[in-house]
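Please look at the charged side chains in the structure below, and follow how some of them pair up. The report that follows takes these pairs one by one and asks how far each partner is covered by the rest of the chain.

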Amino acid sequence: MSSDSLALLRKNAGQDIAALAEEHFKHDLQDPDRDALKSAAAKISTHVTVGSLLGLGLGAFLAFRLRRTRMRMFDAFRAHEKPTHVKFADGREEAIPDMTPFLRPSTLGDVAAYTFFGFGGLFIGGEIGILTGGASAGKTISSDTESRERIETAFRNFRADVLRKEADALDTRKGVKELLGL
C-alpha cells in the first residue's frame, strides 16, 4: 500500500514541477490571487485533517460497538441451554462437543476490528475531507471573477509548460519517473 492511498499523507509532485509551479505562482499572479490560492489550500488541508480524524474516531466507535455486540451474542449463546447428546433413530446416542470456547471473542479479533475499522474510517474520512475541502476551496477561488480568470490563465500556462517539459523528456527518451522527479 502506497502512502498516497491516504489523503492525509499525499505528497506533491516532483521537485522540477514544484519549482515550475512556484515560478508561475510568483510571476503570473497578483498578491490577492496568491492569498486566495493559499487560503484555498489551507481549507483543503483543514478539511482533510478534520475528516481523517472524524473518520478515525468513527471507525474506533464502530469497532467498539461491534466488539460489544459480539460479547453480548456470546454471553447469550453461553447462557442458553444447549443439547449435549443426539439420539438417532436406531437408538444410539452421540455426545455433542461443547463449541463455546471456540466462539468466544478473542483479543486478536478485537485488535483486527479496531485496526481495520480505524484504517477504513481514516481512509473514508480523508477522502470525504478532500471532496468537501475541494468544494470549499473552489468557492473561495471563484468568489472574485477577475482573480479566478487570472488564476485559470496562470494554471493553463503552467500546464502548457509541464506538457512542453514532458514532450522534451519524451524526445530525449527519459522515463516518466525521471520527468516527474519521482
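In this predicted model, R164 has a relative accessibility of 49% and therefore counts as partly exposed, and its partner D161, at 25%, also falls in the partly exposed class. The two residues form a salt bridge in which the closest N and O atoms are 2.4 Å apart. Both belong to helix α5 (residues 145–171), where a spacing of 3 residues means that they are separated by about one helical turn.

Salt bridges that share partners also join R67, R70 and D110 into one network. Within this group, the side chains of R67 and D110 meet at 2.8 Å, N to O. Their salt bridge links distant parts of the chain, since R67 lies in helix α2 (residues 31–79) and D110 in helix α4 (residues 107–141), with their positions 43 residues apart. Is D110 buried or exposed? With a relative accessibility of 12%, D110 lies under the 20% cut-off, so D110 counts as buried, whereas R67, at 33%, is partly exposed.

A further salt bridge brings together the side chains of D90 and R92. Here D90 reaches 58% relative accessibility and is classed as exposed, while R92, at 43%, is partly exposed.

The table gathers the distances of these pairs.

| Salt bridge | N to O distance |
|---|---|
| R164 and D161 | 2.4 Å |
| R67 and D110 | 2.8 Å |
| D90 and R92 | 3.5 Å |

A search of the whole structure finds 8 salt bridges.

Notes: Residues are numbered from 1 along each chain as its sequence is written. This is a predicted model: local features need pLDDT of at least 70, side-chain atom pairs count only at pLDDT 80 or more; totals for chains, interfaces and linings use all residues. Side-chain values use heavy atoms; hydrogens and water are left out. A salt bridge is a side-chain nitrogen of Lys or Arg within 4 Å of a carboxyl oxygen of Asp or Glu. Helices (H or I, at least four residues) and strands (E, at least two) are DSSP runs, numbered from the N terminus. Buried means under 20% relative accessible area, exposed over 50%, partly exposed in between (1.4 Å probe, protein chains only).
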